[in-house]
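Okay, everyone, let's get going. I'll put the structure up and then walk you through a few spots in it.

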Amino acid sequence: MNIQKQQLEDLNKHDLQNHKSHFDFLAQSLSKSGTEVDGLITKLADFQVAIPSWALGAGGTRFGRFSYGGEPASLEQKIEDIGLIHRLTQTAGAVSLHIPWDVPNDYNSIKELAANHKIKFDAVNSNTFQDQKNQKVSYKYGSLSNTSSAVREQAIAHNKEVIEIGDKLGSKALTVWLADGSSFPGQNNFQTALTHTQNSLISIYEDMPTDWKLYIEYKPYEPNFYSTVIQDWGTSLMLANGCGERAYTLVDLGHHLPNTNIEQIVSVLMLKGKLGGFHFNDSKYGDDDLTVGSIKPYALFLIFNELVYGMQNNPQNPELGWMIDASHNVKDPLEDLIQSLEAIQEAYAKALLIDQDALRSAQEANDVTLCQEIMQGAYRTDVRPLVREARLRSGGVLNPIEAYRKLEVRKNLINERGSKTVATGL
Ligand code: LRH
Ligand code: MN
C-alpha cells in the first residue's frame, strides 16, 4: 500500500497548530532548565529500531492462533509493511530477518525494495529450535549443545549459512538464541552441554566476517522447562568472552525471571563493553512478547537511563542493536508495532531529560530523595510533544495510529491480499 507525501501532510494538518503550541510550551520550559532541545530531538530522530520479520502476522500460542487478514505472505510484502510503519513513524528503518522463515528468493530485488523503503538489514537470526523438512538429524534434544556431533555440526553449518545470507543483504550481525536445555532433572549433563555450546559458538564466530558481531541471546526457560543451556546474562557473557571481542550479549526484555533488575544487567554489560543489543517487548509473567511499555513502562525508563549513562560513559561498548521481538495474539500486528515504537521513543526521551551530572552528585552525597526526585521528575514529564516533533522533522505523522486508521490500512491490505494469507514466523 503506497502512501503519498500529500496524504501525510493532510493527516498532520488538523493537529499541527495544537502540536506546535504544546511543543513550544514544553521546549521553552525545558530550555530554561538547561535541556538542549534540538539535540534531544535529533537523538530521537536518529534512533532507528529494527522490526522482526517474524512479527508482521498474527502470533499465537499452543492454544490457538487467530488470523488477522491481509497478512504478508512473502518477504516482499513484509518489507512493504515495515516500509509503511517507517513512513508513518520514521523510526523503523531496519528489518531483522529470521532464517529459514524469511530467505530472500531474489537478493537484488529484495535489497532494492528495502532501499526504496529506506529499510536496512539489521541482525539476522538463526533457527536451530525447529526441524526443517528434509533435515538429516533432529534438534529435539538440542542443537549446538547436542550430545551428537552430527547434530552440532548441522547446527553450526546452518549458522554459517545464515551469515552468508545476511552478508549478501548487508547485515553485520548474527543473533543466536538456543532452545537447548532439558525438561527433567538428570536429563542433561550441564557441563558437557555448556562445553559443546562454547566450542560450537567459537566455530561459528571464527567463520564470521571480521566486521560482523555475534549476539548471544539468553532465556531462563521455554521451550525447555527444567534447564536452559544459555539461561541468563552471566552464561551469555561467559560464552561471548569465550568467543572473542566481537561477541556480545543480547538482552530480550521478556527473558528474565519475575522481578529481575534488568537495568542493573544492562549497566554491568555496558561497563564490560559486552552489551550487543536488545529485543524490546514487555511481559507480566513469562516471555509474553507483549507491546513495549504496555505492562512495566517505568522499568523500560530505568533501562533507558542506564543506556543513556552508558552511551555517555562507556566508549568501550559498541553501537547497540535495537530490535523489537513481539508476538501479536489479539491486536493488529502493525498497530502493535507502531505502539511499541512509540513507547521506546518515549522511554528514551524521558531518560534523556535526566540531569545525569545532578544525579551523580546526589548519588555521591547519598541524597536518596533527591536521586528519586531527579529520576521521577524526568519520568513524569509528558514527552509526547518531543517525540511528535522528531517524527514531524523526519517527515512522519504526528499521530501514527490515528493516521493508520484514517488510511484504512488493514482494510486495504485485506482487499489486496485477502483474509486468509498467513505470515511465516511465530
Ligand atoms: C526466543 C526469541 C528469539 C527468537 C524467537 C522468535 O524466545 O526471543 O529471539 O529467535 O523469540
Ligand atoms: Mn528474542
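So, the manganese ion, ligand 2: its site is octahedral, with six donor atoms and angles of 72 to 168° among them. Keep in mind that this is a predicted model.

Which residues hold the manganese ion, ligand 2? You've got E217 and D325 coming in through OD or OE oxygens, as does D252, while H279 uses its ND1, and the distances run from 2.1 to 2.2 Å. If you like reading this off the sequence, the donors of that manganese ion follow the spacing E-x34-D-x26-H-x45-D along the chain. Take the pair H279 and D325, which ties together distant parts of the chain, 46 residues apart. H279 is in strand β10, residues 275-280, and D325 is in the loop between β11 (321-324) and α10 (333-352). Buried or exposed, those two, H279 and D325? Both H279 and D325 are buried.

Okay, pockets next. The largest pocket has a volume of about 1,200 Å³. It's lined by 39 residues, and the ones closest to its centre are K219, E222, D287, D289 and L426. By class, the lining of the largest pocket has 16 polar residues, twelve nonpolar and eleven charged.

The second largest pocket comes in at about 710 Å³. There, 29 residues do the lining, with Q48, E319, L320, G321 and W322 closest to the centre. Where does the lining of the second largest pocket come from? Several elements each supply at least two residues of it: α2 (37-46), β3 (120-121), β7 (213-217), α9 (297-313) and β11. So β11 shows up again; you'll remember the D325 loop runs between β11 and α10. For chemistry, the second largest pocket has 13 nonpolar residues in its lining, plus eight polar and eight charged.

Now for the enclosed spaces. As a reminder, rolling a probe the size of a water molecule over the atoms shows where empty space is left. How many cavities of 30 Å³ or more turn up in the whole structure? The search finds three, and I'll talk about two of them.

The largest cavity holds about 90 Å³ of space. Its lining is made of L253, I262, N281, D282, S283, V292, G293, K296, A299, L300 and I303. Helix α9 gives the largest share of that lining, three residues. By class, the largest cavity has six nonpolar residues in its lining, three polar and two charged.

The second largest cavity has about 50 Å³ of space. It's lined by L11, N12, H14, D15, V397, L398, N399, E402, A403 and K406. Which elements each supply at least two of those residues? That would be α1 (5-32) and α14 (400-406). The largest share, four residues, comes from α1. The lining of the second largest cavity has four nonpolar residues, three polar and three charged.

Last bit: three single residues, in case anyone wants to click on them.

Start with N305, which is in helix α9. With 5% relative accessibility, N305 counts as buried. Leaving out residues up to four places away in sequence, N305 touches A351, I354, Q356, L359 and M375.

Next is A247, in strand β9, residues 247-252. Why do we call A247 buried? Because its relative accessibility is 0%. Setting aside neighbours within four places in sequence, A247 is in contact with Y205, L214, A240 and K274. Now look at W212: it's 35 residues from A247 along the chain, and their C-alpha atoms are separated by 9.0 Å.

And then I204, which lies in helix α6, residues 190-207. I204 has a relative accessible area of 0%, so it's buried. Its contacts, again leaving aside neighbours within four places in sequence, are L144, I156, N159, K160, I163 and L174. As for P258, it's 54 residues from I204 along the chain, with 32 Å between the C-alpha atoms.

That's my tour, so let's rotate the model and talk.

Notes. Residues numbered from 1 in each chain as written. Chains lettered and ligands numbered in written order. Predicted model: local features only at pLDDT ≥ 70, side-chain atom pairs only at ≥ 80, totals over all residues. Heavy atoms only, no water. Buried < 20%, exposed > 50% of the residue type's maximum accessible area, 1.4 Å probe, protein only. Contact = heavy atoms within 4.5 Å. Donors = N, O, S within 2.8 Å, 3.2 Å for Na, K, Ca; no water. Tetrahedral: all angles 85-135°; square planar, octahedral: opposite > 155°, others 65-115°. 1 Å grid on protein atoms, 1.4 Å probe; cavity = no way out; pocket = protein on both sides within 12 Å on 5 of 7 lines; lining within 4 Å. Points joined across faces, edges and corners; volume = space filled by probe spheres on them. Nonpolar A, V, L, I, M, F, W, Y, C, P; charged D, E, K, R; others polar.
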